[in-house]
Amino acid sequence: MSKRKLAKDRHDEVLDVALSLSVSVGYLRVTRDAIAKQVGLTPQAIQHHIGTMAKLRRAIMRKALADECLPVIAQGLANRDEHALKAPADLIERAREWL
C-alpha cells in the first residue's frame, strides 16, 4: 500500500487539525501555516485540499456543527457566522453556554 494518503483522508485530517486549532486559537485565527505545521504539509497543499480561507472557515464551522464542537459553534454565533446561526435550536442553546 502506498504511503500517500487518499485525498479524502488528507482532507479529513486537515479539517480535524483545523477544528482542534479552532478550539484553542479561534476559528477566525486559524492559518494555513499552523495547520500545515501540524499535518506535515505545506501551506500550499492545505490550500489545494481546502481552498480559500473563506472555504476553510466554512468547512471548519460545518465540521464543528457535525461534531457538535460547542466552543467553535459559540465562536461562530458570536461572529454571526451564517452556518452557526442556522444550527438546530438546541445546539445553539448549548453553544451559547460557552459565550
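A helix here is a DSSP run, H or I, of at least four residues, numbered from the N terminus. The model is a predicted one. By that rule, residues 82-85 form helix H6, and His83 is found in it.

Start with His83. Buried means under 20% relative accessible area. His83 has 17%, so His83 is buried. Its contacts, leaving out residues up to four places away in sequence, are Arg58, Met61, Arg62 and Leu65.

Now step back to Asp81. This residue sits in the loop between helix H5 (70-78) and H6. Asp81 is buried, yet no salt bridge is found for it. The nearest side chain of opposite charge belongs to Arg57, 8.2 Å away. A salt bridge would need a side-chain nitrogen within 4 Å of a carboxyl oxygen. What does the side chain of Asp81 join through a polar contact? The partner is the side chain of Tyr27, at 3.3 Å. Beyond four places in sequence, Asp81 touches Tyr27, Met61 and Gly76. Met61 is also on the contact list of His83.

Turn next to helix H2, residues 32-39. Its buried residues are Ile35, Ala36 and Val39. They lie on the same side of H2, because they cover an arc of only 100 degrees around the axis. Asp33, Lys37 and Gln38 are exposed on the other side. What covers the buried residues of H2? The cover includes helix H1 (7-25), helix H3 (43-50) and helix H4 (53-67). After H2 comes Gly40. The phi of Gly40 is positive, near 85 degrees.

Key:
Residues numbered from 1 in each chain as written. Predicted model: local features only at pLDDT ≥ 70, side-chain atom pairs only at ≥ 80, totals over all residues. Heavy atoms only, no water. Buried < 20%, exposed > 50% of the residue type's maximum accessible area, 1.4 Å probe, protein only. Helix = DSSP H or I, 4+ residues; strand = E, 2+ residues; numbered from the N terminus. Arc of directions from axis to C-beta. Contact = heavy atoms within 4.5 Å. Lys, Arg positive; Asp, Glu negative; His and termini not counted. Polar contact = N/O pair within 3.5 Å; in protein donor to acceptor, adjacent residues only side chain to side chain.
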